[in-house]
Amino acid sequence: MFKPKTNLILGAVLSATVALTANTAGAETLRLLTWGGYAPEKVVDMFKAETGIDVEVTNSNNEEMISKLRATGGAGFDLAQPSQDRITSAQAEYDIYKPIDLSKIDTSLMIGSMLEGTKKNTMFDGKVYGVPHVWGTSALTVNTTKAPDVKDYLDLCNPKYAGKVSYRMKRPTLIAFAFSMGMDPFAAYNDKAKYQQILDKVQAKLIECKPNVKAYWTGGDALINLIRSDEIVAAMAWDGSGWKVNAEKPEVKTIAPTAGALGWIDTFALPKKTKAEDAAYKWINFVMQPKIAAMITEAAGNFTAAKDGDKYVTEAKRKVYQETFPPAAIDNIKWYPPVPAGLEDMEGKVMDRVQAAR
Amino acid sequence: MTLGTSTRLGLFLLLAPILVWLIALLVLPHADMFLVSMREKVAPRTYEFSLANYAEFFTEPLYWRTFARTAIMSIAATAMTLLIAFPVSYYIAKMLRGRLKSFLFLLCLVPFWVSELVRTFGWMILLRESGVFSNVFQWVGLADAPVEMLYNDATIMVGLVYTSMLFMVVPLVTTLDSLDDAQVEAGYDLGGNAFTVLREIIVPHAMPGIVSGCIVVFMLTLGNYLTPVLLGGKDSLWFTAQIYTQFITRFNWELGAAFGFLLLALSSLIVWAGLKVTRQTLTETMG
């Protein structure tokens, strides 16, 4: 009775394997470890048409990228996109990246100040490990009709919004709360004792604030669902998420917090055992062209380090961006300096305790 | 003599695949993991032998509390699964005949045709504040505001029991199937009532099925990751999630590996204790 079915399944599995192996044996592939939206299908198709190289996209986040590359000693992917502040510590601890050969990159496509900043921040042992790609901030996503007075991170703890706010249980939240409480965690980066004092205060605040939280969000889509369905009214989130919801729900806005939005730059970095280095450089040069960069901005919700990339972005997108970031708010952005090795262990403990608190 | 070596060679060749499987996929990874759990990072890229990771588990209340919570909730989920699955299995095995029987049995299987992730998302769509149940309650008039049913321990239990049902029903149906109806009738003839027949005849006969079902469900629940994390929200602390966090987001493989071994040891201990209490042996129930 079950035999014909098993044969069918077996046949399907076999043909699928054949198809897969045939596929990988054919064209050159670039295995890209990146964030959701950074390699939209359209761009991947255009790249394939121009160079003949297939791009295999794996969506991830900073921690997973480091863990994945650590597990294999930097193999399994040909190009990764960690944030600039997370490169030197990962390199110091696990030796998973390879220096970038800047001569193979058309640096004239990139905004000069951003390139220089990233070069400086990803410098390890005198070598550059990253070039900038997409930048953005962690800011507040607020439903302005339901929570009009949320202006800063600490306002998320307002009892008025109990059970109606969300943030991540990740290091940006700790940093944001520290700034909002009037401390400067970046200035204490190289003083572990002082940093621990800051963390202790943040820990107490986060535990106190916990009843307000509906759920700690873990992925951009989950957060967008929460705010779109009115299940939450305010959140600390990536600016791009708020802009995305804004397109269909105008009362939801991304607001630059008074303590300052936290600025990140996601980079291109070469895993140590990359097998398609040339393809990786080709991809970098391809996506940094202004028009392609604009397509990525549309998909990811954030702007890129490509020169003139914003010129090709739709008017609507530019408008929400300018509304969130008037010039003063841009100057107030706190850019992440490189994280010294060891700090993340301390932060991990704090997050464990907050998670366990009742 | 020649015969002896060739049989031995044959035996070895027959065993080779399973040996390779066991060593490459079970013994080696565990040995490696064990070594990782026995070291401590002293400086970037330098590690030293130490038992600090195991000590950490016992000295930091957070970790062993999470473990205790996970174990207790798993035991509760197992008990609830048994309570729900037993009548269902009895009905399928003893009350039904023919096509209806296979049909109902198949119905238990159907949810497993989609992945656990999809099933869990299904629960989320049903239970979330803007979800199906909440809207139905408001429409019927049972609630006048959206009701949040996600993100608490009860929801985790529902999810866990739902996920484990099949693994309890299958062994129970198999053992109950082999129970001769005549024995049940004899029980009644000898003056037993429904309760005494259940206690003296049905349950003792089904014991191997109950125990093996419980072991499987308990292990699955204890090692579950998706359900508690997705349905549980901010207070859901599940030990497997703790291991994931240590490995992936804290980059602390050493502590994660130690937790993995503690989970293995403690769950084995609980199963062993369970067998002792019910006076069953592993060979009896699994064989």
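In this predicted model, 29% of the 287 residues of chain B count as buried. The secondary structure of chain B consists of 13 helices and two strands. Chain B has a radius of gyration of 24 Å, well over the 19 Å that the globule rule gives for 287 residues, so chain B is more spread out than a compact globule. The C-alpha trace of chain B spans about 80 × 75 × 35 Å along its principal axes. Of the contacts in chain B between residues at least 6 apart in sequence, 67% join residues at least 24 apart.

Chain B also touches chain A, with 17 residues from chain B and 21 residues from chain A taking part. On the chain B side, the elements that give two or more residues are helix H3 (61-95) and helix H11 (239-249). H11(B) gives the most, with three residues. By class, this side of chain B divides into seven nonpolar, five polar and five charged residues.

Chain A is divided into two domains, each made of two segments: domain 1 covers 3-135 + 264-334, and domain 2 covers 138-263 + 338-356. Their centres, taken over C-alpha atoms, are separated by 26 Å. In the contact between them, 20 residues of domain 1 of chain A meet 21 residues of domain 2 of chain A. Helix H4 (87-94) and helix H12 (315-324) of chain A are the elements that give two or more residues to the domain 1 side, and H4(A) has the largest share, four residues. The domain 1 side has eight nonpolar, eight polar and four charged residues.

The two sides described above have these compositions.

| Side | Nonpolar | Polar | Charged |
|---|---|---|---|
| Chain B, touching chain A | seven residues | five residues | five residues |
| Domain 1 of chain A, touching domain 2 of chain A | eight residues | eight residues | four residues |

In soluble globular proteins, nonpolar side chains tend to be buried together. The largest nonpolar core here holds 109 residues, of which A:Leu79, A:Ala234, A:Ala235 and A:Trp283 touch the most other members. Both domain 1 and domain 2 of chain A give residues to this core, so it lies between them. Leaving aside neighbours within four places in sequence, A:Ala235 is in contact with A:Thr141, A:Val165, A:Ser166, A:Tyr167, A:Trp217, A:Leu223 and A:Ile227. Apart from the largest core lies another, of 19 residues, including B:Val169, B:Val211, B:Ile215 and B:Val217.

Terms used:
Residues numbered from 1 in each chain as written. Chains lettered and ligands numbered in written order. Predicted model: local features only at pLDDT ≥ 70, side-chain atom pairs only at ≥ 80, totals over all residues. Contact = placed C-beta atoms within 7 Å. Nonpolar A, V, L, I, M, F, W, Y, C, P; charged D, E, K, R; others polar. Rg over C-alpha atoms; globule rule 2.2 N^0.38 Å. Buried ≥ 20, exposed ≤ 12 C-beta atoms within 10 Å, placed from the backbone. Domains from an automatic or database assignment. Core = buried A, V, L, I, M, F, W, Y, C linked by C-beta atoms within 7 Å.
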